[in-house]
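Biologist: I have a new structure open on my screen, and I would love a hand reading it. Could we go through it together?

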Amino acid sequence: MSSNGGQMASSWFETVAIAQRRAEKRLPKSVYGALVAGSEKGLSANDNLTSFDQLGFAPHVAGLFNERSTATTVMGQSVSMPVLLSPTGVQAVHPGGEVAVARAAANRGVAMGLSSFASYSVEDVCAVSDQVFFQLYWSGSRDTLLQRLERAKNAGAKGIILTLDWSFANGRDWGSPWIPEKINMKAVTKLAPGVLARPRWLWSFAKTGHLPSLTTPNMAAPGEKAPTFFGAYHEWMQSTLPSWSDVAWLRSQWEGPFMVKGVCRVDDAKRVVDLGATALSVSNHGGNNLDGTPAPIRALPAVVDAVGDQIEVLLDGGIRRGSDVVKALALGANAVMIGRAYLWGLAAAGQSGVENVLDVLRGGIDSALLGLAKSDVKELDRTDVVAPADFFRKLG
């Protein structure tokens, strides 16, 4: 094998778990700690992952299909597979940040959600991908929200994701990382031991001439400087919590596809249908919400049974391999969203690492379709999955 081939082989990872291990080796402890899911005891974060382990498959051995399609349509976008990149905030894991993620998504034919807390602007990201959904929190006044919708529309965003599943429970039993307001001398001094222990991460930023800015350009008022993450977080914390009529109003202000993210209960799902949303995401914010909320995969079938014929239902939480995607689709999801899975890839190898994660997932989806004798992801159904009697939860 040529030296170049050897280098390629060594930089490629065959599973998301390997990407995560590489990310942990590469990132300063504080940065890695900020990515690790969970609040309080970590019950929900743990359930998000281990619940998939309890689901099995019912495979066939003949009559399999030589040609299999993973393509589908989500929120009006034709995509190469039923996997969307979930919006995640300030991506200090790699200098490329959301722009690198957007390029990877475009190269692999999938759509991405861009966080309003992102480190790159919606204009920068829409410039490299034409399948971007802009994510909003209910933060600031109605006028502020309208201004953000208008900005996203002008930039070319194809839809809106309204995230409602973030109560920001305080305290983790294993401790929370220290995140500075901005990178100044005090922060550098405090973070130096962890950062210097990860020279490759530091060098990747040093080559660009700047350290992570920890600012949120999409939260900036017109003509003003981007607030810091904590400035944006403060605005969200001070905002009055939305009522269902507030959510319906926001929906009415956007003409295109509109997702409400964070639904776990059947009664909430019905309300999301009533306000005219295009899609909902069954999610517990990666386990960072109210701890003890069941894994989304457990709550998914009840939501699908209640509203699946009236709205697109996505699942967000715990997806780490293609077979997880197939389990979610078999239980009624139209598609899934991934967050940490692609962040590990981004941390390990930048844009190519995100592409690697998407390739791993696509390969796993295809392999499961083969074993289940399906020619298309749209053919999956509940007979393909084996679940313990007490697995599912019906909330509300």
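**A pocket and a lysine**

Modeller: Gladly! In the lining of the second largest pocket, the residues split into 13 nonpolar, 10 polar and four charged. Keep in mind that this is a predicted model.

Biologist: How far can I trust it; what is the average pLDDT of the protein?

Modeller: Confidence is not even along the chain: residues 1–9 stay under 50 in pLDDT, and the model has two contacts beyond four places in sequence for them. Still, 87% of the residues score at least 70, and the protein's average pLDDT is 91.

Biologist: Back to the pocket, then. Which element gives the most to the lining of the second largest pocket?

Modeller: This pocket has a volume of about 640 Å³ and 27 lining residues, with Leu164, Asp165, Gly262, Asp268 and Asn289 nearest its centre. Helix H11 (244–252) and E8 each supply at least two residues of the lining. With four residues, the top contributor is E8.

Biologist: Now a residue I'm curious about: is Lys261 buried or exposed?

Modeller: Lys261 sits in strand E8, which covers residues 258–263. Beyond its neighbours within four places in sequence, Lys261 is in contact with several residues, including Leu164, Asp165, His285 and Asp316. Its relative accessible area is 5%, and buried means under 20%, so Lys261 is buried.

Technical notes:
Residues numbered from 1 in each chain as written. Predicted model: local features only at pLDDT ≥ 70, side-chain atom pairs only at ≥ 80, totals over all residues. Heavy atoms only, no water. Buried < 20%, exposed > 50% of the residue type's maximum accessible area, 1.4 Å probe, protein only. Contact = heavy atoms within 4.5 Å. pLDDT = per-residue confidence, 0-100. 1 Å grid on protein atoms, 1.4 Å probe; cavity = no way out; pocket = protein on both sides within 12 Å on 5 of 7 lines; lining within 4 Å. Points joined across faces, edges and corners; volume = space filled by probe spheres on them. Nonpolar A, V, L, I, M, F, W, Y, C, P; charged D, E, K, R; others polar.
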